[in-house]
Amino acid sequence: MKDKDLRKRAVILFFSIFKIFSFSLFNRCTGPRFKSCFLSFVPLLTWLPRYPFRENAIGDLISGISVGIMHLPQGMAYALLAAVPPVFGLYSSFYPILIYFIFGTSKHISVGTYAVMSVMIGSVTERLAPDSDFMIPGNDTNSTSLDIVSRDAERVKIAATVTFLSGIFQVLLLGLVRFGFVVTYLSEPLVRAYTTAAAIHVIVSQLKYSFGINPQRYSGPLSLIYVKDCALLGQTNIGTLVVSIVTIIGLVAAKELSALAARKIPIPIPVELITIIIATVVSWQMDLKTEYGVEVVGKIPSGLQAPVAPAVSLLGSMVGDAFALAVVGYGIAISLGRIFALKYAYKVDSNQELIALGLSNSIGGLFNCFAISCSMSRSMVQVSTGGKSQVAGAISALVILVILLKIGELFEELPKAVLAAIIYVNLQGMMKQFGDIRSLWRTNKVDMVVWVMTLILTVLFNPDMGLAASIAFSILTVVFRTQLPKYSILGQVPGTDIYKPVEDYNQVKEIPGIMIFHSSATLYFANAEMYIDALYEKTGVDVAKLLSHKKKLEAKRLRKEKKAAKKAKKEAKKRAKEASAVSAFNQGEEPKFSDTDESGEEAEANGDVHKLSVKEPKDVGAVEVGPDPDTDTTLPQAIILDLSPVNFLDTVGVKTLRNVRHNPYCTLSMEKGDFFNEKVTKSILFSSVHDAVLYCQQGNSEEVQYILMSYTHTRISEVS
């Protein structure tokens with residue numbers, strides 16, 4: 001009853017969201033705008049009526065058949081990675097492809113089962129439905145057996161549910177809300193290292209099929225450390241091991257021959273299909289299952305299954321896994337889609353791709369499919385065989401449909417060791433990515449560290465937790481890069497307006513009397529103090545002392561102004577007394593004077609009228625500003641700060657800087673920080689280092705020197 005209530009609530013929530021979205025869509029889109037919105041949501045209606053049948057039909061037909069043939073062995077093999085029966089890999093190669101055909105915008109990628117996605121699904125199914133939950137007592141007191149049927153049924157339900165939830169995340173959270181930018185945090189080194197680490201998980205998960213053993217799996221972090229396959233090697237099934245080794249050798253040799261023949265044969269040889277056909281025939285003729293105990297695929301039901309509602313009660317335990325699947329699947333697909341779009345000069349809508357993949361997963365989850373993405377190998381075959389549009393994907397789905405309806409049951413005697421061997425051989429490309437370490441060491445050591453740490457984190461943790469930890473580490477490296485930038489002094493390339501670091505180039509020359517200080521990163525609270533220290537180290541300008549000197553001068557000026565105002569007030573009073581005394585004298589009264597004024601100073605009398613002597617105050621506006629006697633007297637006339645990398649300023653950056661270029665973000669920050677005044681105005685902002693140099697060289701030395709000494713001895717400019 002509780003499960004029914006949860007399902008009812010989920011249905012109500014789904015239709016509520018759909019109603020809100022529909023209401024918003026109909027209100028915002030009226031007439032032509034509604035038509036445009038609808039066509040952008042269903043791209044098939046835009047490009048299919050204009051499909052160039054004569055130019056593309058033959059190529060798409062050949063490409064679709066070739067890719068469809070590839071889907072058969074890969075779908076069955078990757079189903080083992082997802083820990084579900086092989087037939088569900090065929091379902092995952094049919095329904096999602098049709099959905100993407102309707103909603104997708106990439107003409108060349110081949111969506112379907114993918115090793116990384118499959119192993120992520122497998123980690124969820126094995127965690128939520130371990131073998132230990134399906135052990136039943138045997139005839140003997142101490143014997144137990146595994147209820148494979150119940151276990152597989154539960155794992156299929158889990159795989160379909162997490163796939164459905166990941167599709168909902170892609171459609172609602174990432175697609176409709178335009179949250180697709182989240183994949184920008186998946187850098188190329190991170191993705192390549194992540195797929196390499198996932199390949200290691202794949203290899204370990206398939207060892208049991210290659211050796212014919214049944215180890216007890218540990219799900220969760222550090223699962224690879226708890227693998228006990230080596231302890232069970234003594235129980236290896238020799239027949240299974242022989243089948244695995246022979247298949248691997250045959251596949252590698254056949255693929256090498258196929259690569260050599262690819263120059264002469266326009267259509268690639270379906271090596272994997274030929275392999276599973278031969279293996280099935282041999283297994284059937286030699287009865288490998290009975291005679292040698294080789295585990296085979298088993299029952300493959302013909303036909304399609306009716307849709308099944310997801311297990312709502314399981315949703316809470318797989319939210320993190322579903323979100324990881326949504327992000328990884330989209331990141332891989334959009335990366336390949338953009339590569340082909342750039343090569344063949346068309347546009348891929350990133351947000352529409354999210355919706356297409358999300359619908360493929362959510363609708364596919366209702367038909368017991370597991371999460372899909374894009375395969376590089378199938379995409380390359382689709383392109384190389386003449387595929388030019390999404391029609392090739394639809395044809396490959398029809399090939400799988402024929403297999404499901406008529407041919408699938410013929411592969412019931414196929415050994416699972418053959419499928420594991422197909423997986424091993426297909427992982428060659430991922431394992432070759434270890435060569436990235438050497439190339440990244442030469443080009444960018446930080447990216448190399450990201451690559452290595454992503455590999456380690458993903459191997460140690462499950463792929464979902466490894467992805468989160470890898471993204472966090474990648475973001476942390478960005479923080480460290482901005483916190484520890486490179487500081488340098490720029491010099492001018494003679495006869496040009498180009499400025500380069502003096503220590504890196506021999507031909508650049510420093511400009512006499514002017515120092516150009518450059519920071520390779522933006523300026524904010526994390527590196528503001530280091531920026532000041534580097535400025536002192538490179539230029540000899542101790543900003544702290546100059547600030548202290550400025551504060552002393554300001555305090556001295558304020559004291560003089562206060563004292564002068566007080567004396568002026570007293571002088572006014574004394575003059576009033578003098579005027580009163582003169583008036584009284586004229587009227588015949590005897591004026592009275594005190595011997596001292598209110599300030600205690602003696603009054604001098606000369607004759608009958610006392611004359612008061614008051615010292616004239618100094619000019620309070622002419623405050624002398626000069627170099628600090630503690631500072632170096634050989635300081636340059638001007639120091640220009642080249643802050644090209646500055647793309648934002650916080651309050652600490654505003655306090656650190658004394659001027660920036662006409663950058664609207666930086667200038668706005670300076671204005672909000674009350675930086676500008678009557679002496680430091682926007683007129684001293686420069687659009688380039690060269691403009692600042694020319695300004696300093698055109699007879700503005702006094703003004704520049706005043707600004708330098710009054711405002712931390714810095715003259716600031718940026719390169720636009």
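The following exercises, each with a worked solution, concern a predicted model of one protein chain.

Residues are numbered from 1 along each chain as its sequence is written. In this predicted model, local features need pLDDT of at least 70 and side-chain atom pairs count only at pLDDT 80 or more, while totals for chains, interfaces and linings use all residues, and side-chain values use heavy atoms, with hydrogens and water left out.

**Exercise 1. Describe the overall make-up of the protein chain and the confidence of its prediction.**

Step 1. The secondary structure comes to 27 helices and eleven strands; helices (H or I, at least four residues) and strands (E, at least two) are DSSP runs, numbered from the N terminus.

Step 2. The protein chain has 720 residues, of which 47% count as buried. Buried means under 20% relative accessible area, exposed over 50%, and partly exposed in between, with a 1.4 Å probe and protein chains only.

Step 3. The exposed area of the chain is about 37500 Å², and carbon and sulfur atoms supply 61% of it. Such areas come from the Shrake-Rupley method with a 1.4 Å probe; for residues, only the protein chains shown count as cover.

Step 4. Take the contacts (heavy atoms within 4.5 Å) between residues at least 6 apart in sequence: 78% of them join residues at least 24 apart.

Step 5. The average pLDDT, the predictor's confidence in each residue from 0 to 100, is 77, and 74% of the residues score at least 70. Among the elements, helix 6 has the highest mean, 93, and strand 11 (residues 715-717) the lowest, 35. Residues 659-666 have pLDDT below 50, and this stretch makes 28 contacts in the model beyond near neighbours in sequence. Residues 701-720 are also below 50, with 86 such contacts. Where pLDDT is low, the predicted coordinates should not be read in detail.

**Exercise 2. Characterise the largest cavity and its lining.**

Step 1. On a 1 Å grid over the protein atoms alone, a cavity is a set of points where a 1.4 Å probe fits but cannot get out, and lining residues have an atom within 4 Å of a point. Grid points are joined across faces, edges and corners, and a volume is the space filled by probe spheres set on the points.

Step 2. Four cavities of 30 Å³ or more are counted, and the largest holds about 100 Å³.

Step 3. The largest cavity is lined by 15 residues, and those closest to its centre are I97, Y100, I109, V111 and G393. Helix 4 (53-81), helix 6 (95-103) and helix 16 (391-407) each give two or more residues to this lining.

Step 4. The lining divides into seven nonpolar, eight polar and no charged residues. Here Ala, Val, Leu, Ile, Met, Phe, Trp, Tyr, Cys and Pro count as nonpolar, Asp, Glu, Lys and Arg as charged, and the others, Gly among them, as polar.

**Exercise 3. Why is helix 17 described as largely enclosed?**

Step 1. Helix 17 spans residues 416-426, and ten of its eleven residues are buried, so the helix is largely enclosed by the rest of the structure.

Step 2. The buried residues are K416, A417, V418, L419, A420, A421, I422, I423, Y424 and V425.

Step 3. Their cover includes helix 4, helix 9 (188-211), helix 10 (238-261), helix 11 and helix 18 (428-431).

**Exercise 4. Place S283 and D287 in their surroundings, and state whether each is buried or partly exposed.**

Step 1. S283 lies in helix 11 (residues 271-286) and counts as buried, at 0% relative accessibility.

Step 2. Apart from neighbours within four places in sequence, S283 contacts L288, V296, E413 and P415.

Step 3. D287 belongs to the loop between helix 11 and helix 12 (288-291). D287 is partly exposed, with a relative accessible area of 29%.

Step 4. The phi of D287 is positive, about 50°, although D287 is not a glycine. Most residues other than glycine have a negative phi.

**Exercise 5. Locate S110 and identify what it touches.**

Step 1. S110 sits in the loop between helix 6 and strand 1 (111-112), and is buried at 3% relative accessibility.

Step 2. Residues up to four places away in sequence aside, S110 touches V67, H71, S373, C374, S375, R378, S379 and Q382.

Step 3. S110 and M376 are 266 residues apart in sequence, yet their C-alpha atoms are 7.8 Å apart in space.

Terms used. On a 1 Å grid over the protein atoms alone, a cavity is a set of points where a 1.4 Å probe fits but cannot get out, and a pocket is an open set with protein on both sides within 12 Å along at least five of seven lines; lining residues have an atom within 4 Å of a point.
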